Amino acid sequence: MTRPAILGRLGALFTALAASVSPSPAAATDPAWKLTEDEWRKRLSPAVFEIMRLHGTEPAFSSPLDHEKRKGIYDCAACALPLYSSKTKFESGTGWPSFYEPLHGAVSTSSDYSLLEPRTEVHCHRCGGHLGHVFNDGPPPTGLRYCMNGLALVFKPEA
Ligand SMILES: [Zn+2]
C-alpha cells in the first residue's frame with residue numbers, strides 16, 4: 001500500500017472513531033416527532049435524555065423494570081409509542097429489561113460501531129430515540145435478545 005493510501009485509510013478510521021464518540025440519534029419517521037435536541041432536552045429528564053438522545057447506557061441492575069413481572073405494555077419513554085409486550089419479556093440475567101421480540105413495526109435498528117465489536121442499535125421507529133441493542137443470544141422463538149434501557153421505557157400494566 002502506498003503512503004497516501006495508508007494515510008487515506010487512517011483518515012477514514014479517525015472519521016469513524018470521531019463519529020462513534022458522539023453518535024447522532026436516528027431520525028424520527030413521524031414529522032410530528034422531528035424535534036431539535038433542545039426541544040428534546042426540555043421534554044425529557046436529564047437521565048432519559050442522556051440515554052435516548054445521546055446513546056447512553058444505564059448501569060446494569062439499576063432499572064426496576066428489570067424485575068417487572070406484571071402483564072402489560074412497555075411504551076417509548078420519549079413519544080409513548082407501544083414498543084414491547086410483557087408476553088415477550090424474559091429473565092436474561094444481564095441487569096437490563098430484555099425481550100425476545102418487539103411489537104410489530106415498533107422499533108428499527110442501525111449499526112453501532114462505538115465499541116470495537118460492532119453492535120446492532122435499537123431505536124423507537126417513531127421518534128428515533130435510542131432504546132438499547134439487539135443480540136443473537138436470545139431464547140426461542142426468535143433467538144434474539146433486545147437488551148433495553150429501563151429508562152427508555154414506560155410500563156403500562158394491563159387493566
Ligand atoms: Zn419513541
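Me: Which residue in strand 7 does E121 stand opposite?

Reply: Good place to start, and do keep in mind that this is a predicted model. E121 stands opposite H133 in strand 7. That pair belongs to the contact between strand 6 and strand 7, which are antiparallel and share four bridges.

Me: What does the hairpin of strand 6 and strand 7 look like between the strands?

Reply: Five residues lie between the two strands, and in this hairpin G128 takes a positive phi near 80 degrees. G128 also has a partner from far along the chain: K34 is 94 residues away in sequence, yet the two C-alpha atoms are 8.7 Å apart in space.

Me: Where is K34, then?

Reply: Look in the loop between helix 1 (3–21) and helix 2 (37–43).

Me: And why does K34 count as exposed?

Reply: Here you count neighbours. A residue with 12 or fewer other C-beta atoms within 10 Å is called exposed. K34 has 12 C-beta neighbours inside 10 Å, so K34 counts as exposed.

Me: Back to the strands. What is the order of the six strands in the open sheet?

Reply: Read across the sheet rather than along the chain. The order is 3-4-8-7-6-5, with antiparallel pairing. Strand 3 (89–90) and strand 5 (107–112) are the edge strands, each pairing on one side only.

Me: How many bridges join strand 5 to strand 6?

Reply: Six bridges, with strand 5 running antiparallel to strand 6 (residues 119–124). One facing pair you can find on screen is V107 and C124. On to strand 7 and strand 8: they also run antiparallel, and four bridges join them. There, V134 has Y146 in strand 8 as its bridge partner.

Me: Is strand 7 mostly covered or mostly open?

Reply: Mostly covered, as five of its six residues are buried.

Me: Which residues touch the most other members of the largest nonpolar core?

Reply: The general idea is that nonpolar side chains tend to be buried together in soluble globular proteins. In this model, the largest nonpolar core has 26 residues, and those touching the most other members are C76, A77, A78, L83, C124, M148 and A152. Several elements each supply at least two residues of this core, including helix 3 (46–52), strand 1 (72–76), strand 7 (130–135) and strand 8 (145–148).

Me: What does L83 touch?

Reply: Leaving aside residues up to four places away in sequence, L83 touches Y74, D75, C76, P102, L103, A106, V107, C124 and L153. You have already met two of these, V107 and C124, as a facing pair.

How values were computed. Residues numbered from 1 in each chain as written. Predicted model: local features only at pLDDT ≥ 70, side-chain atom pairs only at ≥ 80, totals over all residues. Pairing = 2+ DSSP bridges. Buried ≥ 20, exposed ≤ 12 C-beta atoms within 10 Å, placed from the backbone. Core = buried A, V, L, I, M, F, W, Y, C linked by C-beta atoms within 7 Å. Contact = placed C-beta atoms within 7 Å.
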